[in-house]
Amino acid sequence: MESFADTVLYVKENSHAVRGCRHRTRSAHAGLARVRRWTPAGLLFAGRSARSEDPASSPDARGGRTCHGCSRRTSNRDLSQPRYAGYRCLARHGICANTTFDPEGRNYEGWYWYAADLQVPTLWDEARNAGLTTANMQWPVTAGAAIDFNVPQYWRAGTADDHKLLRLLSTPGLLELLERDTEALTDGADESIDGDQRRAKAAVRLLELKRPGFMTVYLASLDNVEHEHGPFSPEANATLEQIDALIGRLRAAAGGLAVVSVVSDHGFLKVDKEVHLLTAFRQHGLLDADETGHVKSWQATAWFSGATAAIRINPQAPSGTKDRVGGLLEELLKDANSGLARVLSGDEVKTIRGLPGSGFSG
Ligand SMILES: [Zn+2]
């Protein structure tokens, strides 16, 4: 008797469904091509909940918080609060940070929302190629993705207009259909447990109505709470228990044979130090900002991705700027309190497929 997965539900909170689970997907859809009735066997969840103990990103070595989501918090307007995460960004898939490189804040803090930025096939592509019906509930980088039933992750100002935009970006009629019997998704970047509960309810409805063979769902609140309170904190543990209940509901909706995978895009460490790299740049005249932190001009700046920062030199900067930046980074490196663990040259960054266009990375 065939007992293959009809549904792979992939739940996460912030990364991109482009790596890691292709093998599982192939195994699942190999059976799906033969089993036409809906007997879901695959759910894959991802959340910002992993707790890693990577020594390379230890608090002592790095300083700052480990987070893919820190990019938003290290916007150019936030020079006093940059936070770092400690993992290597792989440039090969085209999505290296939460936000695109935008040193002067012209893109209204725009994230990598658009599937057009992806440079490799995704799990949805693989599933679709195998004949599976695909679905998504607010997974990152899904605006414009080739998903059969898609509610992408997208927001702008957090006003009621966000909902109109989300309807336009979703599969026509889908969001209206899902919200007919459930609470509406919240506008803006809602990373609260309430936002997750709404997402989960909509995802359950999507499972019930469309019975996809492969589905991704994004739950964000644990990451948010761990950034605020640290891993293993009472707040984080309480949130984790609530998310666990949501996953239980999703699993029940998908059916007993569903394969459920819970994944995370980054780990967490308890840290007690923040690195203010852009502040150092400003103090050394490498960028100029107004009193609100908005960058007015820059000769060099940093593009944050977790606990790493790619240093980019403005093509219009005076000659010698790169040497000045290198000198500053060397100076910081010698200071045991700077929080800077390592500085990579541009060539080294290329070798490890780090953020493109980096003069340095630290
Ligand atoms: Zn995070």
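Mentor: A residue is buried if 20 or more other C-beta atoms lie within 10 Å of its own, exposed if 12 or fewer, and partly exposed in between, with C-beta atoms placed from the backbone. Residues are numbered from 1 along each chain as its sequence is written. This is a predicted model, in which local features need pLDDT of at least 70, side-chain atom pairs count only at pLDDT 80 or more, and totals for chains, interfaces and linings use all residues.

Trainee: What makes Tyr 108 count as exposed?

Mentor: Tyr 108 has 8 C-beta neighbours inside 10 Å. The limit for exposed is 12 or fewer, so Tyr 108 counts as exposed.

Trainee: Why is Glu 109 called partly exposed?

Mentor: Glu 109 has 16 other C-beta atoms within 10 Å, and partly exposed is the class between 12 and 20.

Trainee: Where are Tyr 108 and Glu 109 found?

Mentor: Tyr 108 is in the loop between helix H3 (70-73) and helix H4 (123-129), and Glu 109 is in the loop between H3 and H4. Helices (H or I, at least four residues) and strands (E, at least two) are DSSP runs, numbered from the N terminus.

Trainee: What is phi at Tyr 108 and at Glu 109?

Mentor: Phi is positive, about 50°, at Tyr 108, which is not a glycine. Glu 109, also a residue other than glycine, has a positive phi near 60°. Most residues other than glycine have a negative phi.

Trainee: How do you know that helix H8 is largely enclosed by the rest of the structure?

Mentor: H8 spans residues 221-229, and 7 of its 9 residues are buried, so the helix is largely enclosed. Among the buried ones are Leu 222, Val 225 and His 227. Gly 230, with a positive phi near 90°, follows H8.

Trainee: How much of the chain is buried?

Mentor: Buried residues are 48% of the 362 in the chain.

Trainee: Which elements have the lowest and the highest mean pLDDT?

Mentor: pLDDT is the predictor's confidence in each residue, from 0 to 100. Helix H1 (residues 22-32) has the lowest mean, 29, and strand E4 (residues 149-151) the highest, 97. For the chain the mean is 77, with 74% of residues at 70 or more.

Trainee: Where does pLDDT stay under 50?

Mentor: It stays under 50 over residues 13-43, and over residues 46-89 it is below 50. Where pLDDT is low, the predicted coordinates should not be read in detail.

Technical notes:
Contact = placed C-beta atoms within 7 Å.
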